[in-house]
Structure formats: C-alpha cells, structure tokens
Amino acid sequence: MKKINKEESVERKMRAVWSFATWGVLLVFIGVLSFGCATIAPEKPKVLTATDRGIVVFLDKYEFKRPPEDWALMKNLEGGDFELGFLMFERGEFPSQTTFIYDDQPYGGSRDLEKRAEYYCTRFLFNSGMDVRVKKQENLTINGREAIALSLEGENPNRKEKTKSKVYLVRKGNRIISFVCTQWRPLNTAFSQEPFDHFEAFVQSFKFLKKDFYEEIEEKIRELKG
Amino acid sequence: MEAHNRDLYLYERLNARVLGVSMDDVITNKYFAQSLELEFPLISNVLPWMGKAYGTYSEKPPFRPDGSPNWFGRRTVIIDKQGIVRYMKDGSPDNKEILMFLLKLEKEFQGK
C-alpha cells in the first residue's frame, strides 16, 4: 500500500476543494444566467384586455367594443398603414370578407375636413382597380367630434369583384383620423349588413385612453416655445 | 410625401422646411405635386448631382446603357441651420421618428 505523506494529502484535499468550488461557481453562474434571462426577456404585451363593461382595451391606448371572436385582430405595433383593425373571412366565394380599421393617418394632408374627404375619395382603394363611387356623404359628430361619413361602393367587372365601404373622417385636435370598413364580394353576391353593425359599434364605442403621439409632441413644442 | 404634407404644420413650428428632390422634369413634378396636393416645393434634378451629393447615387451613371434613367433611391436627409447633415435614412421614413429628431434639434438650438 502506497504511503501518502502529509503534503500529498493536503494537496489532494485542496484539489477537491478547488474542484468543488469551481463547480459551485459554475452552477451559480448558470443559475444567475438562467434567472437573468428569465427576467430580462421582455414579456409580450397583451394586446386586447377584456373589461367587465363589455369592451376591450387595446394595449393601454384605446378602448372599444370588439366584434365577435371569429373576427381576427390586425395590429401594427411598430407603425404602418393603420393602427389596428379586424378581419372576417365570410362564407362564399372569394373575395367574401370584411375588414375594418382605425387609421390615425388617413390619405391626404389637408386639415380641412371637407377638402380631406374630397382628396380621400381619389385615393381610397386606388390600387385595387375598383371604380369607387360616393353614394352618400354627410356631416355628423362621432363621440362629440366633428366628422364626415362617406358611403362608397365600387366594382371591378374584370375581376368580378365589388366593394361596399363606410368611412368616417373625424377631427381630433389639429389632425384628422379615420375609421374605415370595407366589404368585398363577388359581383353576383349580395352585401351583408351584420359586419357593418359590428363596425358601427366599434366606432361609437371607441375611446382614447391617453394622449396620442401628435398631441404629445404638440405639447412638447408648446413647452419649448414657452 | 403625403405624410410630410400632413405634418407640415408641425415642421413649421419646429422651424423646419421640406424640399422634395426628384429626377423627374419640372412638368412631371408639377403634376405629381398637384395630384398629391403637396404644399411644399419639389426640386427637379434631372442630372442627379443632388443624389450624388447626398450619397444615394454613388458610382451609378445617370443613364443605363439602354438610355433609361438610373433612378436614385429614396433617402431622407435633415440638414441643420449650419448646413450640417444631421440625419440620413433610406426608404420611406417613419415621420414620427423625423418629428422627434426635429424636436431634439430645436431643443439643441435653443440650448435646452
């Protein structure tokens, strides 16, 4: 049997202690990393939150009455053509679908409601090749805000498609915002009213829960200019 | 273009002016501006020295071998009061980003 002298024994103990310490440190390090990852990883914000008043809150920005669950939410969290909307594929041949959106930057630049409406109609569904006509235009108020309502219908005989739309251009402070609903149908199919009823409920219940970007920047400019 | 038109009142309050630059001729620009109801000037820069100056056109000849124009890409540039380029971005910019940048420049100018 090999005789272990005192120095060798101390060295072995030290190695064991170091080895244990190294593994311990590594484990703690991995633990910290995992814990860190768990806390650093950003939580996805819940986009729609239901309330007991029968409406939903979109992030912390808007509240409104949402359409039934079979309508899909369309959202733009990082800017885009519109702020949020809903889409419903309906029974029937393509294209049988309805979409409605809230858009804080509708076509045009004029801050005059009448002029904006006139220009808006020249751009609306422009790329679809639809021959769109204004069936009705009326001045009204939406939630206390001055607005213009446009009812439009369009046809594209070549693609055998037609559309029916309702557009609200609404004055909000120094800007004009819009709510737009468009229903697509094959030429030989009738339009349906129900999706428009959901759109009306959406528009009438729509509330802003906080200042939007433009209201905030206008405030900052006012502060800056004194 | 439309977005710039929408935000003109804010640009004005931030002491900024908008200029559009295009390789199209003056008449085409005039009708383009009318069709979009633009309320800011467009510069016709048929021989695209401005595109070259601002780096959107480097190393490209103004016309392709077949004679068609070699369009330069869209780029947004913000130049400060001293004539220094302070912001440059390719493609269609997010106007909110531009407004925030102009606010920062105005604060800087006012020493706040």
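Which residues are linked with A:Arg123 in a network of salt bridges? In this predicted model, the network joins A:Arg123 to B:Glu2 and B:Arg6, and the legends below take up this and other close-up views.

**View 1. Salt bridges that involve both chains, with A:Arg123, B:Glu2 and B:Arg6 linked in a network.** Over all chains, the predicted structure holds 21 salt bridges, and the network of A:Arg123, B:Glu2 and B:Arg6 is shown beside a further pair, A:Arg175 and B:Asp7, whose closest N and O atoms are 3.0 Å apart. This second pair crosses between chains, running from A:Arg175 in strand β10 of chain A (residues 175-186) to B:Asp7 in the loop of chain B between α1 (2-6) and α2 (8-13). Both partners, A:Arg175 and B:Asp7, are buried. Side chains of opposite charge can pair when their charged atoms come close.

**View 2. The salt bridge between A:Lys136 and A:Glu138 in chain A.** Here the side chains of A:Lys136 and A:Glu138 meet with an N to O distance of 3.8 Å. A:Lys136 has a relative accessibility of 48% and therefore counts as partly exposed, and A:Glu138, with a relative accessible area of 33%, is likewise partly exposed.

**View 3. A salt bridge linking helix α5 and strand β4 of chain B.** The side chains of B:Glu108 and B:Arg86 meet in a salt bridge with an N to O distance of 2.9 Å. The pair links distant parts of the chain, with B:Glu108 placed in helix α5 (residues 95-109), B:Arg86 placed in strand β4 (residues 85-90), and the two positions 22 residues apart. B:Glu108 counts as partly exposed because its relative accessibility is 42%, and B:Arg86, at 29% relative accessibility, counts as partly exposed too.

**View 4. The surroundings of B:Ile78 in strand β3 of chain B.** B:Ile78 has a relative accessible area of 8% and is therefore buried. When its neighbours within four places in sequence are left aside, B:Ile78 is in contact with B:Ile84, B:Val85, B:Arg86, B:Tyr87, B:Ile98, B:Phe101, B:Leu102 and B:Leu105; one of these residues, B:Arg86, is also the salt-bridge partner of B:Glu108. B:Val18 is a further point of reference for the view, for B:Ile78 and B:Val18 are 60 residues apart in sequence and 9.2 Å apart in space, taken from C-alpha to C-alpha.

**View 5. A nonpolar surface patch of B:Ile79, B:Val85 and B:Met88.** Together the residues of this patch have about 230 Å² of accessible area. B:Ile79 lies in strand β3 of chain B (residues 75-79), and its relative accessible area of 41% makes it partly exposed. B:Ile78, in strand β3 as well, is by contrast buried, with a relative accessible area of 8%.

**View 6. A negative surface patch formed by residues of chains A and B.** Chain A contributes A:Asp112, A:Glu114 and A:Glu118 to the patch, while chain B contributes B:Glu37 and B:Glu39. A:Glu114 is found in helix α2 of chain A (residues 113-123), where it counts as partly exposed because its relative accessibility is 40%.

**View 7. A:Ser205 in helix α3 of chain A.** The helix comprises residues 194-205, and A:Ser205, at 16% relative accessibility, counts as buried because the value falls under 20%. Apart from its neighbours within four places in sequence, A:Ser205 is in contact with A:Glu63, A:Phe64 and A:Lys65.

**View 8. The predicted fold of chain B, shown for context.** The secondary structure of chain B comes to five helices and four strands, which follow one another along the sequence in the pattern α-α-β-α-β-α-β-β-α. The C-alpha trace spans about 55 × 30 × 20 Å along its principal axes. Of the 112 residues in chain B, 38% are buried, and, among contacts between residues at least 6 apart in sequence, 38% join residues at least 24 apart. Chain B exposes about 6,900 Å², with carbon and sulfur atoms supplying 57% of that area. The chain carries 16 positive and 15 negative side chains, and the centres of the two sets lie 5 Å apart.

Notes:
Residues numbered from 1 in each chain as written. Chains lettered and ligands numbered in written order. Predicted model: local features only at pLDDT ≥ 70, side-chain atom pairs only at ≥ 80, totals over all residues. Heavy atoms only, no water. Buried < 20%, exposed > 50% of the residue type's maximum accessible area, 1.4 Å probe, protein only. Contact = heavy atoms within 4.5 Å. Areas by Shrake-Rupley, 256 points an atom, 1.4 Å probe, with all protein chains shown as cover. Lys, Arg positive; Asp, Glu negative; His and termini not counted. Charge placed at Lys NZ, Arg CZ, Asp CG, Glu CD. Patch = residues over 30% accessible without salt bridge, like charges linked within 9 Å, V, L, I, M, F, W, Y side chains within 5 Å. Salt bridge = Lys/Arg side-chain N within 4 Å of Asp/Glu carboxyl O.
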